[in-house]
Amino acid sequence: MGRQQPSPASFILDLLHPSSMRMLSGMLVVAMGMHLLLCPFTKVEESFNLQAMHDLLQHGWNLDQYDHLEFPGVVPRTFLGPLFVSITAYPAVLLAQFLALDKFTQQYLVRGVLGMFVLRAFLGFCREVKVRFSIRVMRWLILLTLSQFHFLFYITRPLPNTFALGLVLMAMTYRLRQQHGMFAWAAGAACIIFRFETLIFLGLFVLSDLLRGRVSAVVTVVKHAVPAAVVLLGMTVLVDSVFWQRWLWPEGEVLWFNVYLNKSSQWGTLPFLWYFYSVLPRALLGGLVLSVWGCLTSRPVFMLVWPALAYIVAYSFLPHKELRFIVYTFPILNTAAAFAAAEIWRTRGKSLLRGLMAAALVGVLVVNVMGTSVLLSISRLNYPGGQSMSALHNLEQRRNNVNVHIDVYTAQTGVSRFTQLRDSWSYNKTEGLEPGGHNMMSFTHLMVGALSDDRKELAPYASSHSIVHTVSSYAGLEISWKKFPFLQIKTKDTLWILKKKRSGQFLNVI
């Protein structure tokens with residue numbers, strides 16, 4: 001008689017066993033690694049931190065070679081995060097160099113180090129959830145996080161928000177431990193160095209303590225906040241002034257640009273409720289309903305969650321919205337969902353209704369994993385620039401005299417200095433060159449993003465260049481009942497690698 005295949009319910013039972021914590025932690029690391037390996041490239045929002053890590057590892061104190069002096073971006077960012085990651089990753093980078101691995105391996109390494117920093121902070125938060133609520137809630141928190149996409153996707157992405165996320169999780173851990181002085185230091189590092197809006201997020205938890213009459217906790221926070229602000233502000237000003245070669249407080253200039261000048265809206269605006277009807281359903285997936293349930297059935301859960309909800313409401317007033325701006329709230333909202341899930345699972349044998357609810361809970365995890373698979377497949381198609389660099393190196397791996405121009409679209413969708421693998425090649429990102437002009441004709445290869453339907457961007461090179469590679473990117477979803485799976489991901493050709501013609505085909509730009 002053959003062995004019976006385990007059901008999803010029995011698998012969950014195994015994961016919820018007291019001995020499963022190490023397994024769950026390992027699964028988090030594996031899931032993070034899968035997101036990193038399947039989506040190794042980065043976008044323009046991540047470019048400063050990633051280029052800074054490259055320059056710190058490759059150029060040391062030779063600041064004249066640093067990317068940010070040539071391409072400073074709209075606002076300056078701090079070097080403290082890249083410094084921390086680069087120092088931590090340096091032994092692994094030396095080993096990779098000793099093994100003669102290509103430079104792109106180092107991009108995996110620095111992103112992996114960043115992810116492990118945030119993941120360690122998250123596991124610390126989970127352990128305090130166990131103390132505050134129960135071990136069952138902690139395990140469901142990890143299970144729900146494993147089944148969702150955005151948290152594990154973002155923790156390896158070198159965004160200022162990701163550095164801040166690790167510190168926010170540390171601050172929340174200290175708060176749950178009632179270590180209010182350490183809370184003030186972690187919160188200060190998050191807002192003064194990386195993202196000032198975390199002051200609103202974490203400040204609402206201090207307000208919650210004040211409203212509940214915990215005056216001594218608030219006094220302790222304030223006592224530590226003043227010296228923390230002085231020390232942390234001095235640290236970022238001193239370090240970043242060296243790297244930027246002028247006196248500055250990077251996050252202060254960001255605050256001036258976004259709040260006082262109100263220029264963030266130049267990057268697009270979205271409706272007031274966008275976070276609620278778009279971001280939270282995508283981020284929490286089936287956990288959203290459980291989160292609402294947890295808040296409605298437990299006052300301690302509601303008291304933990306309401307500052308996060310208030311933060312989302314407050315941030316909704318800013319016209320420019322991005323998912324990463326509220327990523328700090330996901331672990332808090334998932335804690336509420338985990339509380340509801342733990343109660344449903346604990347009482348699954350008490351009645352038929354409770355049994356059906358537990359079965360639905362298994363269904364939530366399955367649906368979450370399916371949704372995560374779709375989102376991960378979509379995300380892989382959002383980096384045509386990085387894919388084009390890999391393709392070019394494969395196509396011309398035996399050629400040394402390559403002089404390639406990288407246009408804005410390509411540079412913003414996956415190109416970094418870690419992708420520039422050949423020292424004998426010339427990689428040029430100069431903007432504003434006339435299409436088809438003398439300067440553009442001096443390159444052996446061009447990377448051209450063509451987003452218009454008639455591909456007019458390619459027209460100036462119709463007689464001078466041949467197409468050597470085309471890259472497609474995400475173009476939407478469609479339901480087709482004639483194919484399986486019924487949900488199909490559509491793609492569109494958006495980026496072309498052109499080679500200066502000696503012989504070959506003419507460009508088809510129609």
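## Strand β3 and its neighbours

Let's start with a pairing of strands: β3 runs antiparallel to strand β5 (residues 487-500), and five bridges join the two. One of the matched positions is His445, whose bridge partner in β5 is Lys499. Keep in mind that what you're looking at is a predicted model. β3 also pairs with strand β1 (residues 403-406), this time in the parallel sense and over three bridges. Here His405 stands opposite Leu446 of β3.

So how much of β3 can you see from outside? Strand β3 covers residues 445-449, and five of the five are buried, so the strand is largely enclosed by the rest of the structure. Its residues point two ways: His445, Met447 and Gly449 go one way, Leu446 and Val448 go the other, and all are buried.

## Two nonpolar cores

The largest nonpolar core takes in 112 residues. If you want to find your way into this core, look for Trp140, Ile142, Leu152, Phe201 and Leu290, which have the most contacts inside it. There's also a second, separate core, made up of 14 residues. Met447, which we met in β3, belongs to this second core, and so do Leu392, Val471 and Leu495.

## Aromatic rings

Rings meet in quite a few places: the structure holds 26 aromatic pairs. One of them brings together Phe201 and Tyr311, with 5.3 Å between the ring centres and 70° between the planes, an edge-to-face arrangement. This pair links distant parts of the chain, with Phe201 in helix α11 (residues 198-211) and Tyr311 in helix α16 (residues 299-316), 110 residues apart. Phe201 and Tyr311 are both buried.

Helix α16 has another ring to look at. Tyr315 pairs edge-to-face with Phe325, at 5.8 Å centre to centre and 75° between the planes. Tyr315 is in helix α16 and Phe325 is in the loop between α16 and α17 (330-346), ten residues apart. Are these two rings buried or exposed? Tyr315 has 9% relative accessibility, so it counts as buried, and Phe325, at 6%, counts as buried too. Elsewhere, ring pairs gather Phe48, Trp61, Tyr66, Phe79, Phe243 and Trp244 into a cluster.

## Charges over rings

Some rings have a lysine for company. The charged end of Lys43 sits over the ring of Tyr383, 5.7 Å from the ring centre. Lys429 does something similar with Phe71, lying over its face at 4.6 Å from the ring centre.

## Salt bridges

A search of the whole structure turns up 13 salt bridges. One of them joins the side chains of Glu128 and Arg177, at 3.0 Å from N to O. Glu128 belongs to helix α6, while Arg177 is in the loop between α9 (160-176) and α10 (180-194), so the pair ties together parts of the chain 49 residues apart in sequence. Glu128 is buried, with a relative accessible area of 12%, whereas Arg177 is partly exposed at 39%. The salt bridge of Asp209 with Arg214 has its closest N and O atoms 3.6 Å apart. Asp209 is buried at 5% relative accessibility, and Arg214 is partly exposed at 30%.

Another salt bridge stays within one helix. Arg346 and Glu343 both lie in α17, three residues apart, or about one turn of the helix. Their closest N and O atoms are 2.9 Å apart. Both ends are partly exposed: Arg346 has a relative accessible area of 40% and Glu343 has 28%. Finally, Asp55, Asp67, Arg417 and Lys429 are joined into one network by salt bridges that share partners. Yes, that's the Lys429 that lies over Phe71.

## A stop at Asp102

Where does Asp102 sit? You'll find Asp102 in the loop between α5 (80-98) and α6 (104-132). Asp102 is partly exposed, at 43% relative accessibility. The side chain of Asp102 reaches the backbone nitrogen of Phe104 at 3.0 Å. Asp102 also has a neighbour from far along the sequence: Thr419 is 317 residues away in sequence, yet the two are 9.2 Å apart in space, C-alpha to C-alpha.

Note on methods: Residues numbered from 1 in each chain as written. Predicted model: local features only at pLDDT ≥ 70, side-chain atom pairs only at ≥ 80, totals over all residues. Heavy atoms only, no water. Buried < 20%, exposed > 50% of the residue type's maximum accessible area, 1.4 Å probe, protein only. Helix = DSSP H or I, 4+ residues; strand = E, 2+ residues; numbered from the N terminus. Pairing = 2+ DSSP bridges. Phe/Tyr/Trp six-rings, centres within 6.5 Å; stacked < 30°, edge-to-face > 60°. Lys NZ or Arg CZ within 6 Å of the ring centre and 35° of its normal. Polar contact = N/O pair within 3.5 Å; in protein donor to acceptor, adjacent residues only side chain to side chain. Core = buried A, V, L, I, M, F, W, Y, C linked by side-chain atoms within 4.5 Å. Salt bridge = Lys/Arg side-chain N within 4 Å of Asp/Glu carboxyl O.
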